[in-house]
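Thanks for coming, everyone. Please bring up the sequence and the model on your screens, and I'll walk you through a few places in it.

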Amino acid sequence: MFLGTYTPKLDDKGRLFLPAKFREELMAGLVVTTGQERCLTVYKLGDFAEIAARVQAAPITVKGARDYGRFLGANANQDTPDKQGRITITPMQRDYAALTRDVMVLGVINRIEIWDPARWESYNQQNQETFADISEEVFPGL
């Protein structure tokens with residue numbers, strides 16, 4: 001399970017030091033892809049395979065399914081952390097998420113999100129007050 005907020009840095013080659021708490025769970029492989037709200041999403045390889053299977057099962061005649069599959073797959077990068085716990089964030093992914101040297105790495109239970117700090121701060125401020133409303137709407141009784 002991925003929990004917490006961390007502030008590692010990207011190096012000059014676009015490599016990110018994963019938080020130490022996340023490394024062991026990702027040593028079998030991972031996929032970094034573009035996420036919603038202009039952040040990057042990191043999935044364990046097996047979890048991404050389950051998502052990919054659901055995308056493959058969607059009818060190709062549905063435009064939204066085709067679009068989602070294209071966006072998810074074309075912007076994905078399969079990786080394995082190196083001995084120092086680094087993963088590569090591709091130039092396209094860095095551009096998409098506006099990542100420079102400083103980043104925010106969020107544990108989001110079953111995945112990791114990588115954000116530009118200013119974008120995360122803005123998103124967090126805009127959505128903090130609606131957290132209680134969201135939980136009741138999405139998960140009644142939680």
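**Strands, a pocket and some loops**

Let's begin with a pair of residues: Val31 has Tyr43 in E4 as its bridge partner. Before I go on, a word on where this comes from: the model is predicted, local features need pLDDT of at least 70, side-chain atom pairs count only at pLDDT 80 or more, and totals for chains, interfaces and linings use all residues. Residues are numbered from 1 along each chain as its sequence is written, and side-chain values use heavy atoms, with hydrogens and water left out.

When I say helix or strand, I mean DSSP runs, numbered from the N terminus: helices are H or I with at least four residues, and strands are E with at least two. Two strands pair if DSSP finds at least two bridges between them.

So, back to that first pair. Strand E3 (residues 30-34) and strand E4 (residues 40-44) pair in the antiparallel sense, over five bridges. The hairpin of E3 and E4 has five residues between the strands, and one residue there, Glu37, takes a positive phi near 60 degrees. Glu37 does this although it is not a glycine.

E3 also has a partner in strand E5 (residues 77-79): the two run antiparallel and are joined by three bridges. If you want a place to look, find Val32, which stands opposite Asn77 in E5.

Is E3 buried or exposed? Five of the five residues of E3 are buried, so this strand is largely enclosed by the rest of the structure. For the cut-offs, buried means under 20% relative accessible area, exposed means over 50%, and partly exposed is in between, with a 1.4 Å probe and protein chains only. Glu37, in the loop between E3 and E4, counts as partly exposed at 46% relative accessibility.

Now let's follow Tyr43 somewhere else. Tyr43 is one of the residues that line the second largest pocket, together with Asp47, Glu50, Ile51, Arg54, Tyr68, Asn110 and Arg111. A pocket here is found on a 1 Å grid over the protein atoms alone, as an open set of points where a 1.4 Å probe fits, with protein on both sides within 12 Å along at least five of seven lines; lining residues have an atom within 4 Å of a point.

How much space lies in the second largest pocket? About 150 Å³. Which helix gives the largest share of its lining? That is helix H2 (residues 45-57), with four residues. By type, the lining divides into three nonpolar, one polar and four charged residues. In this count Ala, Val, Leu, Ile, Met, Phe, Trp, Tyr, Cys and Pro are nonpolar, Asp, Glu, Lys and Arg are charged, and the others, Gly among them, are polar.

Next stop, Arg86, which sits in strand E6 (residues 86-88). Arg86 counts as buried, at 16% relative accessibility. Its side chain makes a polar contact of 2.7 Å with the side chain of Asp82, and another of 2.9 Å with that of Gln84. A polar contact is a pair of N or O atoms within 3.5 Å; within protein, one must be able to donate a hydrogen and the other to accept it, and residues adjacent in sequence count only if both atoms are side-chain atoms. Not counting residues up to four places away in sequence, Arg86 touches Asp11, Arg15, Leu16, Phe17, Thr80 and Pro81, where contact means heavy atoms within 4.5 Å.

Lys83, in the loop between E5 and E6, is exposed, with a relative accessible area of 89%. From C-alpha to C-alpha, Lys83 and Asp11 are 15 Å apart in space, and 72 residues apart in sequence.

Let me finish with the strands at the two ends of the numbering. Strand E1 (residues 2-6) runs antiparallel to E7, joined by five bridges, and Gly4 stands opposite Gly107 in E7. E7 also pairs with strand E8 (residues 112-115), antiparallel again, over four bridges. There, Gly107 has Ile112 as its bridge partner in E8, and the hairpin that joins E7 to E8 does so through two residues.

One last loop: Ala98 lies between helix H4 (91-97) and strand E7 (104-109). Its phi is near 55 degrees, a positive value in a residue other than glycine, and Ala98 is partly exposed, with a relative accessible area of 30%. Thanks for listening!

Definitions and conventions:
Points joined across faces, edges and corners; volume = space filled by probe spheres on them.
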